Amino acid sequence: MTPDIAWLADSRTFAVNRLPAVSDHVARPAGDGSLRQSLDGAWAFALAEDVASRPQGFEARGFDASGWATIEVPGYMQLQGFGPNQYVNTQYPWDGIEHLRPPEVPEANLVGSYIRDFTFAGKKSRVILTFDGVETAFFVWLNGTFVGYAEDSFTPSRFDVTDLIEEGDNRLAVQVFQRSSASWIEDQDFWRLTGISRSVWLENQPALHLDDLFVTTDLNDDFSSASLRLRLKLSLPGEGGKVEVALSGSDGLVLEPWQCEASAEMDLAFDVAGPELWSAEAPNLYDLSLTLIGADGEDSETVTERIGFRRFEMIDKVMHLNGKRIIFNGVNRHDFDARRGRAVTYEQMLWDVKFFKQNNINAVRTCHYPNQTVFYRLCDEYGIYLIDEANLESHGSWQKDGKVEPSWVVPGDREDWQDCVTDRARSMLERDKNHPSILIWSCGNESFGGKVIYEMSQFFRDRDPSRLVHYEGVFHDRRYDDTSDMESRMYAKPADVETYLNDNPQKPFILCEYMHAMGNSCGGMHLYTDLVDQYRLYQGGFIWDYIDQAMDDGDGRLRLGGDFSDRPSDYEFCADGIVTARREPSPKVQEVKALYQSFDIAPSAAEVIIRNKNLFVSTAGLSLAVTLLKDGAVVFETVMTPEIAAGETATLPLALPEAAEPGEYAVQCALKLDEATLWAEAGHEVAFGEHMFTVEGEKPAPAPVALTTSRGDINFGVRSPDMFALFSEPFGGPVSLKKGGLEFLARPPRLTFWRAMTDNDRGRQHGFEHAVWQTAHLYYKRGPVVIADGDEPVIRYRFTLPGITVEPEVTYRVGRDGRIHVTADFPGAEGLPELPIFGLQFFMDAAFDRFRYYGLGPDENYRDRLRGARLGIFERTVAENLSPYVVPQECGNRVGTRFAEVTDGEGRGLRFEAEGAPFEFNALPHGTMELETATRPWELPPVTRTVVTIAAKQMGVGGDDSWGAPVHPQYRVASHRPLSLAFSFAPVGV
Ligand code: GAL
């Protein structure tokens with residue numbers, strides 16, 4: 001056959017000579033060794049800008065490629081210096097550059113030509129060449145002869161090269177095209193990368209070979225026994241052979257080796273009594289071993305598959321695993337790494353899976369394409385539920401700048417797209433069907449509704465009734481609502497979710513995407529997770545998303561869309577992860593881990609109530625560490641061993657010492673691993689709960705100091721035996737605070753009404769509504785100053801705000817306790833937008849570069865992101881407090897602060913103490929407007945000072961989405977009511 005470049009633009013031609021998809025089992029030869037030969041590594045490479053200028057004839061055996069570059073396979077062209085990189089979200093990458101309609105292919109179409117010379121020896125019976133993933137379309141030649149053509153970037157393409165491969169030297173030539181008709185259905189929100197991005201390998205198959213395996217485990221109704229069904233497809237030599245089946249579990253053989261005659265298609269069933277069931281909580285796996293034995297009695301090959309017994313089904317409109325209502329505490333996961341793009345390594349996948357387990361994430365949606373096989377194996381072994389998503393997204397064909405406009409949607413009802421779409425479903429299902437971790441097949445993402453996707457869903461149901469089918473897109477086109485077995489939405493607000501659940505729902509509900517984790521986000525997440533206990537049909541959600549898709553070009557800087565002169569681009573929208581593109585957990589993880597924990601732990605002073613929310617596992621292997629803190633310091637610790645079965649709640653008495661001394665107490669209870677597991681060290685905390693109480697009483701007062709004052713024309717000085725404070729009239733506050741020869745105030749404190757906008761703030765155009773507060777923050781003026789000299793002198797400043805009639809006041813009283821007592825009052829006024837923040841900012845020399853505080857932590861937290869924070873005394877450097885958001889923004893806040901000390905390396909600095917209500921504290925190396933204007937961290941100016949914020953209140957960060965969702969009302973800061981802040985400050989450590 002002669003290859004035809006016209007296939008690129010033909011939606012009906014998506015595979016030429018490609019073999020049918022098969023299961024991802026690994027066959028091994030008898031004895032040692034492997035049937036597989038990897039072709040990964042360095043390949044010769046040449047880039048062409050477009051189809052017309054691509055090399056032709058390069059596939060010939062004698063072609064001289066000595067002048068060619070080299071490229072690493074697997075990997076991406078753009079990430080190895082070949083061709084421009086581009087990030088777009090929903091729009092097509094050529095939008096506005098070339099006017100196209102499906103299935104047309106743009107002129108600008110990078111072509112990568114690849115050559116790999118290799119030696120091959122010892123041909124058995126059949127040799128199969130497999131490409132695990134090539135983006136987005138490619139032609140293959142072996143030794144100068146055309147082998148085949150394939151599309152679908154994320155499932156394997158297999159070709160039979162038995163007749164073309166030679167003993168000795170061989171030459172494989174591949175031409176990869178950036179764009180094809182498939183590009184219309186690969187419009188995922190990701191970097192548009194090109195290349196041989198997954199492994200390439202040969203399999204040298206014996207005549208008697210297991211081509212395909214389909215394992216199902218049909219459990220009886222009380223789960224006491226199962227029928228293990230094995231459907232096999234074999235290649236058979238004329239003389240036939242035998243198949244031997246055995247099954248072993250952790251305690252040894254479960255099925256004795258059993259033999260039968262081999263045939264091309266086999267359907268076997270075995271009774272297994274009392275199987276240990278698979279779940280994410282207890283990922284019990286069995287080794288299924290299949291040995292193929294030739295007519296001569298010699299083993300031909302063996303296959304060992306790790307299989308799990310489990311039953312997933314819909315019972316009374318609720319999804320059940322092994323008879324229990326399942327909850328997905330999920331994330332969406334793109335294959336991603338800052339340097340490698342989607343060509344992630346085994347180590348990176350392993351890191352991801354361990355991270356999920358450590359942070360109570362029990363489910364992953366493989367957004368928006370099938371992942372590498374090894375990822376599914378890890379999920380089987382570690383215990384992660386999967387929605388396996390087909391490689392289908394045609395977002396730009398029906399949604400234009402957020403508006404639904406499906407006049408030329410693909411695939412819609414278009415018959416010419418049916419086969420390629422169903423093929424994607426088949427390629428995924430056939431490869432992945434034996435993984436117990438996969439509970440749900442997903443038809444893809446955001447491709448509108450219609451007949452084609454409905455047929456795809458029916459393919460899943462027909463071929464694999466043991467799983468359910470997911471598709472969110474019917475939300476926009478209800479004609480084929482049965483495409484999805486569950487109601488799946490993205491970014492529905494908590495109230496919208498409740499509306500569905502209260503309106504006679506006919507399907508269970510999941511959020512396939514929620515909590516848009518872009519920048520400083522994930523506020524209000526508990527408003528979703530709280531629904532789990534309120535509605536039986538609410539079965540959880542998948543955070544958008546796991547990892548920032550930011551690119552590190554090699555200079556250590558994380559770049560986003562648009563930073564490569566890529567246009568059009570959707571800029572920052574690629575960075576929405578709870579971990580950075582370098583796999584550093586962001587502070588958002590603290591909240592996710594807490595809200596996804598499997599135990600509710602509610603201590604009081606006398607007892608602790610623990611609810612085990614697991615479906616299958618008890619508290620065995622966990623101990624309860626009980627700690628009593630007084631004013632942040634540990635005063636008592638003990639360890640208990642609760643025994644609480646899955647689904648049960650127990651009340652355990654706590655024998656804590658009596659809290660007699662006045663002070664603030666916290667009872668903290670943490671369930672921790674007794675022993676190391678596959679995914680965490682011994683002692684790892686899996687769940688936490690705390691209770692606070694106060695024992696009232698008088699605190700001993702320090703001996704009063706004598707104060708002297710000095711009234712100048714414009715300054716007012718107050719001196720104690722070892723401290724001096726100077727208050728300025730024109731500069732609106734204290735301009736100096738000195739002790740031990742050190743100056744603690746670089747500039748006088750200023751009121752703050754503005755926080756550096758977060759990604760969510762920008763997305764909802766918060767600035768447009770709230771700009772008066774930015775103006776107030778920047779340009780307020782000092783009004784009258786009143787100085788009352790006396791035993792404890794008081795200096796009262798009044799301020800006027802541009803365009804706003806209310807006049808806040810800040811009062812400083814120098815106390816005989818050696819501290820300066822501050823109140824800042826905002827009187828409240830009608831007709832103003834809500835306040836982003838109200839507080840006072842202090843500016844200290846950059847040498848005061850660390851802090852220690854007693855409040856909620858250890859990580860950054862906000863009023864709507866507090867469930868994961870706990871009371872304690874925590875330390876950080878000011879530099880560390882600048883959270884690793886790719887776009888600088890508000891970060892580092894700590895709610896509930898009782899005291900905070902901002903000091904230098906010798907412990908000298910200022911100590912701030914709350915008077916009455918705790919404050920919100922922050923210390924950052926940059927000012928509000930510096931953070932607001934920088935678009936990348938390296939645009940921030942050199943660090944010259946430490947900016948300390950002591951705030952009465954800051955609004956929450958929100959996170960329902962990043963394109964308009966408001967912060968929930970209970971976490972906003974009303975401006976019509978008075979706000980007041982009271983604290984004191986004084987030097988410490990001198
Ligand atoms: C969804 C989409 C995701 C992502 C998200 C915004 O519509 O499925 O892939 O683009 O919006 O970050």
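The legends below describe close-up views of a predicted model.

**View 1. The ligand and its surrounding residues.** The ligand is surrounded by 14 residues, and the closest are Asp189, His368, Glu446, Glu513 and His516. Sorted by class, this shell consists of five nonpolar, five polar and four charged residues. The pocket in which the ligand sits is the second largest.

**View 2. Polar side chains at the ligand oxygen atoms.** In the side chain of His368, an N or O atom is 2.7 Å from an oxygen atom of the ligand. Glu513 places a polar side-chain atom 2.7 Å from an oxygen atom of the ligand. For Asn445, the distance from a polar side-chain atom to an oxygen atom of the ligand is 2.9 Å. The ligand taken alone exposes 300 Å², of which the protein buries 95%. His368 and Glu513 are also listed among the closest residues around the ligand.

**View 3. The cis peptide bond between Val73 and Pro74.** Val73 and Pro74 are joined by a cis peptide bond, with omega at about 0°. Pro74 is located in the loop that runs between strand 5 (69-73) and strand 6 (87-88).

**View 4. The cis peptide bond between Val410 and Pro411.** Here the peptide bond joining Val410 and Pro411 is cis, and omega is about -5°. The loop that holds Pro411 lies between strand 31 (403-404) and helix 3 (418-432).

**View 5. The backbone at Cys522.** Cys522 is not a glycine, yet its phi is positive, at about 65°. This residue, Cys522, belongs to the loop between strand 35 (509-516) and helix 6 (526-529). Strand 35 spans residues 509-516, and Glu513 and His516 are among the residues closest to the ligand.

**View 6. The annotated segment, residues 717-986.** An unreviewed UniProt entry carries the annotation "domain: Beta galactosidase small chain/" for residues 717-986. Within residues 717-986, helix accounts for 9% of the chain and strand for 43%. The C-alpha atoms at the two ends of this segment are 15 Å apart.

Note on methods: Residues numbered from 1 in each chain as written. Predicted model: local features only at pLDDT ≥ 70, side-chain atom pairs only at ≥ 80, totals over all residues. Heavy atoms only, no water. Near = heavy atom within 4 Å. Polar contact = N/O pair within 3.5 Å; in protein donor to acceptor, adjacent residues only side chain to side chain. Areas by Shrake-Rupley, 256 points an atom, 1.4 Å probe, with all protein chains shown as cover. 1 Å grid on protein atoms, 1.4 Å probe; cavity = no way out; pocket = protein on both sides within 12 Å on 5 of 7 lines; lining within 4 Å. Sits in = over half its atoms within 2 Å of the grid points. Nonpolar A, V, L, I, M, F, W, Y, C, P; charged D, E, K, R; others polar. UniProt positions renumbered as here; feature names shortened; annotations may be inferred. Helix = DSSP H or I, 4+ residues; strand = E, 2+ residues; numbered from the N terminus.
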